[in-house]
Amino acid sequence: MTTERITHLKTSLFDAPREISLERALLYTESHQQTDGEPTLIRRAKATSHVMDNVAISIREDELIAGNRTVKPRAGIVSPEMDPYWIDNELDIFFSRPQDKFEIAEQDKRIYREQLLPYWSQRSMKDFINSQFPDEIRDATRQKVFSVNQTDKGQGHIIIDYDRLLKNGLGRLTDEMASLATQNPDNHFYTAVQLLLEASTRHIRRYEHLAQEMADNLGLEGNPERAAELKQIAEISAKIAIEPPETFYEACQLFWYMNIILQYESNASSLSLGRFDQYMLPFYRASLDAGENPAFLQELLESLWVKMNDIVLLRSTNSAKFFAGFPTGYTILLGGLNETGHSAVNELSTLCLDSYQNIQLPQPNLGVRINELIDRKFLQKTAETIRLGTGIPQIFNDEVVVPAFLNRGVSLEDARDYAVVGCVELSIPGKTYGLHDIAMFNLLKVMELVLKRNQHNPDVSYDSLVGQIRDDICHYVKLMAKGSNICDIGHRDWAPVPLLSSFINDCIENGQDITDGGSRYNFSGVQGIGIANLSDSLHALKKFVFEEKRMGYADFIETLNCNFENEGGNKVRARLINRYEKFGNDIDEVDMISTELLRLFCKEVEQYDNPRGGKFTPGSYTVSAHIPLGEVVGATPDGRLAKEQLADGGLSPMLGQDQAGPTAVLKSVSKLDNYLLSNGSLLNAKFTPGTLEGEQGINKLCDFLHAFMKLKLQHIQFNVLNADTLKKAQEKPEDYAGLVVRVAGYSAFFVELSREIQDDIIRRTAHEL
């Protein structure tokens, strides 16, 4: 059971509709107009500092952890310096669009169109990137073979070095940077970081003064208990504005202030939280040793968990299709290994799960690292939390991820310290700028283009089609890398993040921003999507047309072009769906098609370099992109209709096709070369609640997770819900406002998802153990 305070904090987040705030955009623009001609790093630092010095702040009723990005809860903020155009296009439809709705005042619409849009037009990062794309990349993106992402937002999908922040404190870090700036007067990076660290201290002191003022006012009104809490917030803020924290409360407060500040600098997705149970453990133990009440420390942690749901990201309608349900990316991994290879599970690991069980909100996006050494009791706690049905925690396998990082040149100690950013993207905390999700590659679209191109080829054969698919994958991967690198340079020249960079190892030593290659590890993460549909389609095509010769190739392609609506099309479709084996049922003939083509994609991707001196790294996960990616592909030989979604997750079987049980799914996915997917992969699983009931159900799930680990899969996540419950939530959303489900790499409120995504979750196969 949680406390009355936590219940109130939860409910108050959702009392009012989500709004859009222009405050950061106006303050950022105000500063930018005054710094024309100065270096980009300095302009960015001054603009962010101006935001911190002037943005409205508040401490809400009952809060123990202060710090809000906007005064109103769950407000979206805009970054016109990245891309001003899509915001203008959607000002009048934010409240009515199908996914991720927001309200915006009419006055703010006028301000945007009269002040912000005219200034940022032809000055934005989007303008630069679009002007650099050659025709061959434009053509490929118009064909929907791949997309180049991250063209409208700042740097995210990264984990700062929280140890550096918490062990040093802002005062020592500021002094260090002031010294470096003096010694290197021509290095704008050091000066920019100094400006931002000083502004961070001022920003935290603003909360100190606000809390003290509120405490004084409440004391006079006769609420001494709340006045004492506010006075403590003021005292803690005064201390951590300069000095390093010593207690769990102080560490949590500095941790959250910095998260808010980094949002002002970048306004990006997935400034993730890494291995919270490792870097926060010394402070938790210090508070216990000092005699603090464990129940109060848990309430602090639950307060922090609630705060993470206050940040929602404003995305375009198109982007919201790919990342539906506000996946902010406050991702935390628990457990795993320490640098010497021993189990890192500790008492805070368990408390994090206990606290989440009380909260049951989409954030934080908790995950658990499992390995051969995992403690059975902690694994059972993990299974109990999964059984709640929110899709949290997700599971990562050290036995695969650590070798995958070693394969990319990461040191053993760093590989053992891996965590996750965003949904499932793998990263080394405080040492990596991975530019994850820079591109999505639609493997099924490549197949469609090849099949149609050969419709009237008299010499067509199955082997020649597969050969052309292989060649086209290589061709388009090269273009994808070229387009991604243009975007990468755009971030370097238009959107550096000096404060964030100062918490990434080697940037200080190198005197370089992460966008300029300052980080220790520099990757560009891209995703190959549609592998299950690709293997199902090629297997059915081979059988139906080339082996059984039930239809000529040209006529078969015409049937696909007609979306199976021509004469006999329905019978053809029924046979394709029901008579030919599908990925996810442990059938080598199908599974090995996936294995070979996904390996080809990965090996091709890893050949390419990025402008930061790093390499491209492949992954396979969709977030919610399997729906919009399916919309651009016609009917396919697996029986899938035109515009129908692709298989969810990334490595999951197509809806309804995994008919041999959950272990068979694990075996199919285990045949993929999971060590190559160093940017992350995603496997969805769905169980009926009844199969996990009681102690027996927990033990069955633990055994299933052991099988997952032994079979060397990288990732798995669960929905534990009845389809009937979800259908009722569709019919009466007001009765299910708090229902949290797993989408793909993250969880979201079911009723906030579009109908298409809701239907997808309902239709995913539910297994029993």
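## The whole chain

A residue is called buried when its relative accessible area is under 20%, exposed when that area is over 50%, and partly exposed in between. By that yardstick, 65% of the 769 residues in this protein chain are buried. Keep in mind that what you're looking at is a predicted model.

How does the overall size work out? A compact globule of 769 residues would have a radius of gyration near 27 Å, and this chain comes out at 26 Å, so the two agree. The C-alpha atoms fill a box of roughly 85 × 65 × 50 Å along the principal axes. The accessible surface adds up to about 26,500 Å², with 47% of it belonging to carbon and sulfur atoms.

Inside that box you'll find 32 helices and 18 strands. Now take the contacts in the chain with a separation of 6 or more: 78% of them link residues 24 or more positions apart.

## Strand β7 and its neighbours

Let's zoom in on strand β7, residues 365–370. Is this strand enclosed or open? Here 6 of the 6 residues are buried, so β7 is largely enclosed by the rest of the structure. A handy bit of background: side chains in a regular strand alternate between the two faces of the sheet. In β7, one side carries Asn365, Gly367 and Arg369, the other carries Leu366, Val368 and Ile370, and both faces are covered.

β7 has a parallel partner in strand β6 (residues 331–335), with 5 bridges between them. In that pairing, isoleucine 332 sits opposite leucine 366 of β7. To get from β6 to β7, the chain goes through helix α16 (residues 347–359), making a right-handed β-α-β crossover. Strand β8 (residues 394–397) also runs parallel to β7, joined to it by 4 bridges. One bridge pairs glycine 367 with glutamine 394 in β8. Here the chain travels from β7 through helix α17 (residues 376–387) to β8, and this β-α-β crossover is right-handed too.

## Unusual backbone spots

Some background first: most residues other than glycine have a negative phi, and most peptide bonds are trans. Which peptide bonds go against that habit here? One is the bond from glutamine 363 to proline 364, which is cis with omega near 0°. Proline 364 lies in the loop between α16 and β7. Another cis bond runs from isoleucine 392 to proline 393, with omega near 5°. You'll find proline 393 in the loop between α17 and β8.

Phi has its oddities as well. Glutamine 360 isn't a glycine, yet its phi is positive, at about 55°. This glutamine is in the loop between α16 and β7, and its relative accessible area of 28% makes it partly exposed. Arginine 74 also has a positive phi, near 55°, without being a glycine. Look for arginine 74 in the loop between α3 (40–54) and β2 (76–77). With a relative accessibility of 6%, arginine 74 counts as buried.

## Helix α10

Does the length of helix α10 (residues 224–240) come out right or wrong? Its 17 residues, at 1.5 Å a residue, should span 24 Å, and the C-alpha atoms at its ends are 24 Å apart, so the numbers agree.

An α-helix has 3.6 residues a turn, so residues three or four places apart point the same way. Keep that in mind as you pick out the buried residues of α10, which include Arg226, Leu230, Ile233, Ser237 and Ile240. What do the buried residues of α10 pack against? Their neighbours are α1 (4–13), α8 (162–183), α9 (188–221) and α11 (248–266).

Alanine 228 is also part of α10, but its relative accessibility of 45% means it counts as partly exposed. Its C-alpha lies 9.7 Å from that of glutamine 212, a residue 16 positions away in sequence.

## Strand β15

Further along the chain, strand β15 (residues 684–687) is covered on both faces: Asn684 and Lys686 are buried on one side, and Ala685 and Phe687 on the other. β15 runs parallel to strand β16 (residues 715–720), and 4 bridges join the pair. Across from alanine 685 stands phenylalanine 718 in β16. The link from β15 to β16 passes through helix α30 (residues 694–710), and this β-α-β crossover is right-handed.

How values were computed
Residues numbered from 1 in each chain as written. Predicted model: local features only at pLDDT ≥ 70, side-chain atom pairs only at ≥ 80, totals over all residues. Heavy atoms only, no water. Buried < 20%, exposed > 50% of the residue type's maximum accessible area, 1.4 Å probe, protein only. Helix = DSSP H or I, 4+ residues; strand = E, 2+ residues; numbered from the N terminus. Pairing = 2+ DSSP bridges. Right-handed = clockwise from strand over helix to strand, strands pointing away. Expected span 1.5 Å × (residues − 1). Contact = heavy atoms within 4.5 Å. Rg over C-alpha atoms; globule rule 2.2 N^0.38 Å. Areas by Shrake-Rupley, 256 points an atom, 1.4 Å probe, with all protein chains shown as cover.
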